Amino acid sequence: MKYFLSFFLTVSFSIGTVAQTDKNIRRTISQIASENIESYIHTLVGFHTRHNLSTQTDPNKGIGAAARWLHREISGWIPLSDGRLSVENVTYKTGGPGTRLERQVELTNVMAVLKGTTDRKILVLAHYDSRVNDNNDSTSFAPGANDNGSGVACLLESIRVMVDTPMDATVIFLFLSGEEHGLLGAAAMAEKALEENWNVVAVINYDMIGNTESSGTGHRDNSGNRVFSAEGMSRELARYIKETGEAYVDNLTVHLNFRTDRYGRGGDHLPFLSKGFTAVRVSEYHENYDRTHQTVRIEEGIHYGDLLTGVDVEYVRKSTAMNVAAVMNLAKAPGIPTRVVMNARELSNYTKLTWDTPEDGPSVAGYYVLLRKTDQPLWEKKVYVEDNSITLPYSKDNYFFGICAVGSEGHRGLVRPVE
Ligand SMILES: [Zn+2]
């Protein structure tokens, strides 16, 4: 028994260390073009402002024109989707006296649905509203090229390249309004998802993914981004994004930040997180406070404002590629194992784990049992099994364990950590 186990583990570890990639996903990623990303952001900046109280009737300016353009742009890809892609506006009433929006208004979230063969849902978010210093100023030039033209461009280009690939999970791209006045659009969608009992696997929010130079300290780097996550399943999603992103995207390090967001600031993943969904935020590694939320101006020789010149489109391309890698892997992978149990009562240096087959997703070929020492942030070892139980010669006192399902084509799903 002991001999068999150690032999088995040796073999399994060598399998685990070989990076497996899917050529279909690699081909999809290769179609992502920084020129398209630049063009989307250029168009968004052209609406002058996307402030939540800006005009909704002007054909060329304001948040209404931006929403109509998003809808049109996405509609243009419907014929390429073999009936899988659809787009709709989800409106909600918000604001009024006593709120951060001084008058009541109806705002629009643009929802693009790339239908899979099941109703398991992966949600990808980016807000398209913008602001300047004074958050009540709805008419000044508020280009919002990085915050959050960059995130919107990531979603648009992801839809464009993924549109012709059938997948198991349904991917919903949410272009959200209301972010700059209190995550209003995201709150409306999280409420809707809960009310309609959506089967949500993951929520990934892209907000500010194009700046590569930190104001003040002057650090410059376009090789790393950040994924912010809360403990539990959201952190497993973050680890998943890191593993898949780095396997498919060259010159990209995905830094995991083990906190829900930055100090004093939040994003559209938070209303989903607070309703119990698995949700993370992706952001640039360095932030530039001369650009974010700044009124466009020059003061004492310093250029302020969130213009396209402050966005590194190649850097946005890398986070977009990371997004496609994570979403396509997840959408093709089996669901999450349920009822994962560790026998914690027995005093033994072996650890026994059992689990149930995922309730949804493509059929399961086997499982990875993952291990890491208790002071390690990332999974360190991977053991492949085809049964629904395993006994490992590692003490439960020295390791954390997790289980994920692997499909017949090698895509792995999210890890269920052992509590
Ligand atoms: Zn933002």
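Two worked exercises follow, on the domains and on the zinc site of a predicted model.

In this predicted model, local features need pLDDT of at least 70 and side-chain atom pairs count only at pLDDT 80 or more, while totals for chains, interfaces and linings use all residues. Residues are numbered from 1 along each chain as its sequence is written, and side-chain values use heavy atoms, with hydrogens and water left out.

**Exercise 1.** Describe how domain 1 and domain 2 meet.

*Solution.* Begin with the bounds, which come from an automatic or database domain assignment: domain 1 covers 2–20 + 336–417, and domain 2 covers 31–332. Next, take the contacts (heavy atoms within 4.5 Å), in which 17 residues of domain 1 touch 17 residues of domain 2. The buried area, meaning the accessible area (1.4 Å probe) lost by the two parts on being put together and summed over both, is about 1,600 Å², with 60% of it from carbon and sulfur atoms. H411, R412 and L414 supply 38% of what domain 1 buries against domain 2, more than any other three residues. Finally, count two salt bridges between the domains, each being a side-chain nitrogen of Lys or Arg within 4 Å of a carboxyl oxygen of Asp or Glu.

**Exercise 2.** Identify the protein donors of the zinc ion and classify the site.

*Solution.* Donors are N, O and S atoms within 2.8 Å of the metal (3.2 Å for Na, K and Ca); here H127 gives NE2, D147 gives an OD atom and D207 gives two, at 2.0 to 2.7 Å. In sequence these residues follow the spacing H-x19-D-x59-D. The angles among the four donor atoms run from 52 to 147°, whereas a tetrahedral site needs all angles between 85 and 135 degrees, and a square planar one needs opposite donors over 155 degrees apart and all others between 65 and 115, so the site is irregular.

Notes
Four donors count as tetrahedral if all angles lie between 85 and 135 degrees; four count as square planar and six as octahedral if opposite donors are over 155 degrees apart and all others between 65 and 115; anything else is irregular.
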